[in-house]
Amino acid sequence: MAFPTTRMRRLRRTEALRNLVRETRLTPNDFIYPLFVVPGEGVRKEVGSMPGVFNISVDQAVKEAAEAKSLGVPAVILFGLPEKKDEVATGAWAEDGIVQRATRAIKREVKHMIVVGDVCLCEYMSHGHCGIVQKSGSPATRSVGAMAVKEAELPAAMDKMAASAAAEYEIVNDATLEILAKTAVSQARAGMDIIAPSDMMDGRVAAIRKGLDANGFENTPILSYAAKFASAFYGPFREAADSAPAFGDRRSYQMDGANLREAMREIELDLEEGADMIMVKPALAYLDVIAEARRRFDVPLAAYQVSGEYAMIQAAARNNWIDGKRIMMETLLAIKRAGANLILTYFAKDAARVLG
Ligand code: PBG
């Protein structure tokens, strides 16, 4: 029955009515709050491109986690900036690594806080790639910094550079798996509640599951960054985590943003390998991927509202070009409406405050 019998506006008249028929609701329980942990004590250094996000020492991470918990946020995810980087990512799997220390401290001090460990090697590798790097050519065109280029020529030079690096270097898959599994086990040993591999190597979920099981951690769940796209939205994160690749890019392991079917295949494979939960990343530019994943797979689905998404909203809000608070809530709601059960977001505390 059409107008005038049907009037859609009847149920929009008051906030009470709108609230009654609201289909999607955010709660602080939906959020996972990312923390960037650095060595030292009393350190709280704001990330330039991410206002409100800090590089923090372990003691401050405990405080952040406690605050998030008090606002109703059930989980944090930890990223680490180690004292030293090398070519085998020692800082990622060291027993007293920065993430391991932070995990122990948070688990000890903040009751019932779920600690999720991002398992990836880029923050711990001197070259900033997510796996072991092997040379496959001559080292002649090693660094873009060494190339003298005029500003106007830079994009072309970067492309050329990326192409030549790709030709000369390879991110070795199978050798990397061992380090990833070792990292996961050392995190689990430190008390990590959930292991979240984000490197996009093939077979990492199976390798990590095997490593965890062999060491008595058969009850530690894996949240796989299953469909992670090679995205320009990670820009600010790489400043926060000091993990920009020194040469080339991540397109030989992260997914091509054009591919939805491939994303479904990635998810399917990770589930076959033993993933308990899956993730799509970034979020806002990939809502269709979230929706399709929700439709096809009956497992908990997370989405990561990444650093660039956060930075854009903060930057525009600071210019008074948008209402930052409302856009924060609108984007988070969109991600949930698309089908995400969990949202990793730098807005976790702010949004939880709005939700009261
Ligand atoms: C590690 C990792 C990245 C992010 C999460 N884990 C960076 C990358 O892949 O380059 C990005 C998160 C964000 O942008 O907020 N590999």
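**View 1. Just past the end of helix H11 in this predicted model.** Right after H11 comes Asn320, and its phi is positive, near 60 degrees. Now look back along the helix itself, which takes in residues 307–318. How far apart are the end C-alpha atoms of H11? They sit 16 Å apart, and that agrees with what you'd expect, because twelve residues at 1.5 Å a residue should span 16 Å.

**View 2. Helix H11 under its cover.** H11 is mostly covered, with nine of its twelve residues buried. If you want to pick them out, start with Ser307, Gly308, Glu309, Tyr310 and Ala311, then move on to Ile313, Gln314, Ala316 and Ala317. What covers these buried residues of H11? The cover includes two strands, E3 (50–56) and E11 (301–305), along with helices H8 (235–240) and H12.

**View 3. Leu284, in a loop before helix H10.** You'll find Leu284 between strand E10 (277–281) and helix H10 (287–296). Is Leu284 buried or exposed? Neither, quite: its relative accessibility is 38%, so it counts as partly exposed. Setting aside neighbours within four places in sequence, Leu284 is in contact with Glu309 and Thr331. You've already met Glu309, one of the buried residues of H11. For a sense of scale, take Ala92: it is 192 residues from Leu284 in sequence, and their C-alpha atoms are 29 Å apart in space.

**View 4. Helix H13 and its buried face.** Four buried residues to spot in H13 (residues 348–355) are Ala348, Lys349, Ala351 and Ala352. Why do they line one face of the helix? Seen down the axis of H13, the buried residues fall within an arc of 165 degrees, so they end up along one face. A handy rule here: an α-helix has 3.6 residues a turn, so residues three or four places apart point the same way. Among the elements covering the buried residues of H13 are strands E1 and E12 (342–345), plus helices H2 (58–70) and H12 (324–338). Just after H13 comes Gly356, with a positive phi near 60 degrees.

**View 5. Thr24, tucked into a loop.** Thr24 belongs to the loop joining helix H1 (15–20) to strand E1 (31–37). Why does Thr24 count as buried? Its relative accessibility is 17%, and the cut-off for buried is under 20%, so Thr24 makes the list. Apart from neighbours within four places in sequence, Thr24 is in contact with Leu333, Lys336 and Arg337.

Technical notes: Residues are numbered from 1 along each chain as its sequence is written. This is a predicted model: local features need pLDDT of at least 70, side-chain atom pairs count only at pLDDT 80 or more; totals for chains, interfaces and linings use all residues. Side-chain values use heavy atoms; hydrogens and water are left out. Buried means under 20% relative accessible area, exposed over 50%, partly exposed in between (1.4 Å probe, protein chains only). Contact means heavy atoms within 4.5 Å. The arc is that of the directions from the helix axis to the C-beta atoms. The expected span of a helix is 1.5 Å times one less than its number of residues.
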